[in-house]
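Here is my note on the model you sent over, set out as numbered points. Please have the structure open beside you as you read.

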Amino acid sequence: MYDLIVVGAGPAGYTAALYAKRYDLDVLVVGEDLGGLCSEAYIVENWPGTKEIEGKELTDKMKEQIEDLGVEVVQEKVDKIEGNKSFDVHTENRVFETSSVILALGADKRRLNIEGEKELVGKGVSYCVTCDGPLYRNKDVAVIGGADSGLKAAILLAEYADSVSVFEATDKIMAEKIMIQRCEQNDKIELNTGTVPKKFVGDNYLEKIVFQNGEEVDVDGAFVEIGSVPNRSIEKIGDREIKRDEDGFIEVSSDLSTSVEGVFAAGDVTTESNKMRQIVTAAAEGAIAAYSAYTYLGEKEE
Ligand SMILES: Cc1cc2nc3c(=O)[nH]c(=O)nc-3n(C[C@H](O)[C@H](O)[C@H](O)COP(=O)(O)OP(=O)(O)OC[C@H]3O[C@@H](n4cnc5c(N)ncnc54)[C@H](O)[C@@H]3O)c2cc1C
């Protein structure tokens, strides 16, 4: 019987385990993809104290740190969680018992699912302007997606890149007026509508985007900004629904408790941190959730 099981082995899950262990909780991490989305980051330049580090190296270090403290990390997918106040966490072949749970399931940038996309992630194709934008200084880049997040991305990219072409699939740029104005006033930014990407082309690195209308555009980088999707692999505890917002993010209070007692959530999957979805916010939420689980377990004992 564990005090706490953390589901998710990304920055939120690893940090939750780090804090939980230091609160002397008996904690287990169960994660399907070790390192989570963070391990996809080609280079991370905004993790405080480290000028640059590959995402995978960063999460490997996080894992090593908790394992050195005695935390067990199991690479398995959690299929379901059952119970009330104490919980059974089911993977394909095992059931782990615990008094509390932190769901650190992450969120994924929505993908285009077109030819060449998967192969060129981290090699010109990116889903994170905050993270990778500075790598495109004096380059020509594209933003796929002309809603608010796409235009925000374009404005940020224009600080580094020589040119930023925004490609929106529909016939209209559907973003806040002020964002559209800012883009129109920026000489580096060009807005295109009715442009649906068909494939990304490049041998080892992105070279061009081919569109469904036959148009081809040479670019050094392409940022896909068509929204993000929270992980929904765990929706219920037994037959109790974990409350989510209309976009599917787990609703949490400021202590990161969910609608189910004894179940907390942290990182990209939650409605917290202004939905910033960064490593530093995921880690911070992991720490808060661990503290809340520790407090919850203490109160339960009294
Ligand atoms: C290409 C790229 C580059 C990025 N660069 C940066 C950057 O430079 N700086 C930055 O701050 N952010 C960056 N990000 C964002 C950053 O990766 C995320 O904000 C961060 O990883 C979120 O951490 P998390 O722990 O909440 O979720 P994740 O890292 O996504 O981890 C989720 C974990 O939950 C596991 N999981 C989900 N469901 C289950 C289940 N049912 N059973 C078991 N395990 C499950 C997953 O396998 C995974 O281990 C980047 C993202 C991408 C895609």
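1. A backbone N or O atom of V78 lies 2.8 Å from a nitrogen atom of the ligand. Two oxygen contacts go with this one: a polar backbone atom of D33 is 2.7 Å from a ligand oxygen, and a backbone N or O atom of C38 is 3.2 Å from a ligand oxygen. A polar contact here is a pair of N or O atoms within 3.5 Å; within protein, one must be able to donate a hydrogen and the other to accept it, and residues adjacent in sequence count only if both atoms are side-chain atoms.

2. Before going on, please keep in mind that this is a predicted model, where local features need pLDDT of at least 70, side-chain atom pairs count only at pLDDT 80 or more, and totals for chains, interfaces and linings use all residues. Residues are numbered from 1 along each chain as its sequence is written, and side-chain values use heavy atoms, with hydrogens and water left out.

3. How much of the ligand's accessible area does the protein cover? The protein covers 97% of the 1000 Å² that the ligand has on its own (Shrake-Rupley method, 1.4 Å probe).

4. The ligand is surrounded by 35 residues, counted when a heavy atom lies within 4 Å of it. D33, V78, C131, D268 and I279 are the closest. By type, the shell holds 17 nonpolar, 11 polar and seven charged residues; Ala, Val, Leu, Ile, Met, Phe, Trp, Tyr, Cys and Pro count as nonpolar, Asp, Glu, Lys and Arg as charged, and the others, Gly among them, as polar.

5. Now to the sheets. Five strands, in the order β8-β15-β9-β10-β11, make an open sheet with parallel pairing. Strands are DSSP runs of E of at least two residues, helices runs of H or I of at least four, numbered from the N terminus; two strands pair if DSSP finds at least two bridges between them. β8 (125-126) and β11 (189-192) are at the edges with a single partner strand each, so one side of each has no neighbour in the sheet.

6. Within this sheet, β10 (residues 163-167) is joined to β11 by four bridges, and F167 stands opposite N192 in β11.

7. A second open sheet has three strands, β12-β13-β14, paired antiparallel. Its edge strands are β12 (197-201) and β14 (216-218), each pairing on one side only. Three bridges link β13 (residues 208-211) to β14, and K208 has D218 as its bridge partner in β14.
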